[in-house]
Amino acid sequence: MSKIKARLDITAETPILVNPRLCDQCGACVGICPADCITLDEYTLGIVGPDCIKCGFCIPACPVEALSWNETGVASFADLLKQNGTASAGR
Ligand code: SF4
Ligand code: SF4
């Protein structure tokens, strides 16, 4: 059975969080996203939240575990760090 489970209960505007400290902009997640809602330019990886179908394919596709479900409803990974009151959140 696939380890990938769709998380249709995730209702945040940003269903997937990107940890910019881990992302090396390899593009693997961009190529696998069936909704074409992951954007990557020279500096930034972004998820177009409203277009995300919450399939979860991108999470295991990332070789450095930079992607995760947004369990808290924050707008960005930076906001998650602020909410947790730490600058050390990573893997
Ligand atoms: S969960 Fe699916 S649709 Fe959403 S960004 Fe990841 S691969 Fe794309
Ligand atoms: S697969 Fe991971 S490291 Fe590669 S661009 Fe996507 S988030 Fe960044």
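A residue is called exposed here if 12 or fewer other C-beta atoms lie within 10 Å of its own, buried if 20 or more do, and partly exposed in between. With that in hand, here are the close-up views of this predicted model.

**View 1. T44, an exposed residue between two strands.** T44 sits in the loop that links strand 2 to strand 3. Is T44 buried or exposed? T44 has 11 other C-beta atoms within 10 Å, so it is exposed. Look across to V18 as well: 26 residues separate V18 from T44 along the chain, while their C-alpha atoms are 9.9 Å apart.

**View 2. The whole protein, from its N terminus onwards.** To get your bearings, trace the elements in the order β-α-β-β-α-β-α. That makes three helices and four strands. Among the 91 residues of the protein, 21% are buried. Now consider contacts between residues at least 6 apart in sequence: 69% of them join residues at least 24 apart.

**View 3. Confidence along the predicted model.** The protein has a mean pLDDT of 85, and 85% of its residues reach 70 or more. Which elements mark the two ends of the confidence range? Helix 2, residues 58–61, has the highest confidence at a mean of 97, and strand 3 the lowest at 87. A word of care for any view: where pLDDT is low, the predicted coordinates should not be read in detail.

**View 4. The largest nonpolar core.** This core has 14 residues, and the members that touch the most others are I16, V18, C29, I38, C58 and L67. Strand 1 (16–18) and strand 3 (45–47) each supply at least two of the core residues. Which strand gives the most to this core? The answer is strand 1, with three residues.

**View 5. I38 and the residues it touches.** Setting aside residues up to four places away in sequence, I38 touches C29, V30 and C33, along with L45, I47 and C58. I38 is also one of the core members that touch the most others, as are C29 and C58.

**View 6. The surroundings of ligand 1.** How many residues are around ligand 1? There are 13, and the nearest are C33, A35, C52, C55 and C58. Sorted by class, this shell holds 11 nonpolar residues, one polar residue and one charged residue. You have already met C33 and C58, which are among the residues that I38 touches.

**View 7. The surroundings of ligand 2.** Here 15 residues surround the ligand, with C23, C26, A28, C29 and C62 the closest. The shell of ligand 2 is made up of 12 nonpolar, two polar and one charged residues.

**View 8. C62, a buried loop residue.** C62 belongs to the loop between helix 2 and strand 4, and it is one of the closest residues to ligand 2. Why does C62 count as buried? It has 20 other C-beta atoms within 10 Å, and 20 or more is what a buried residue needs. Apart from neighbours within four places in sequence, C62 is in contact with A28, C29 and L67. The C-alpha atoms of C62 and Q25 are separated by 9.8 Å, although the two residues are 37 apart along the chain.

**View 9. Q25 and D36, two residues with positive phi.** Q25 is not a glycine, yet its phi is positive, at about 55°. Find Q25 in the loop between strand 1 and helix 1 (28–32), where it counts as partly exposed because it has 15 C-beta neighbours inside 10 Å. D36 is not a glycine either, and has a positive phi of about 50°. Its place is the loop from helix 1 to strand 2 (38–40). D36 has 10 C-beta neighbours inside 10 Å, so it counts as exposed.

**View 10. I53, in the loop between strand 3 and helix 2.** With 13 other C-beta atoms within 10 Å, I53 is partly exposed. Which residues is I53 in contact with, leaving aside neighbours within four places in sequence? They are P34 and A35. I53 and D36 are 17 residues apart in sequence, and 10.0 Å lies between their C-alpha atoms.

**View 11. S76, just before helix 3.** S76 is found in the loop between strand 4 (67–69) and helix 3 (77–84). It counts as partly exposed because 15 C-beta neighbours lie inside 10 Å. From S76 to I16 is 60 residues in sequence and 8.8 Å in space, C-alpha to C-alpha.

Technical notes. Residues are numbered from 1 along each chain as its sequence is written. Chains are lettered from A and ligands numbered from 1 in the order in which they are written. This is a predicted model: local features need pLDDT of at least 70, side-chain atom pairs count only at pLDDT 80 or more; totals for chains, interfaces and linings use all residues. A residue is near a molecule or strand if its C-beta atom, placed from the backbone, lies within 6 Å of it. Ala, Val, Leu, Ile, Met, Phe, Trp, Tyr, Cys and Pro count as nonpolar, Asp, Glu, Lys and Arg as charged, and the others, Gly among them, as polar. Two residues are in contact if their C-beta atoms, placed from the backbone, lie within 7 Å. A nonpolar core is a set of buried Ala, Val, Leu, Ile, Met, Phe, Trp, Tyr and Cys residues joined through C-beta atoms within 7 Å. pLDDT is the predictor's confidence in each residue, from 0 to 100.
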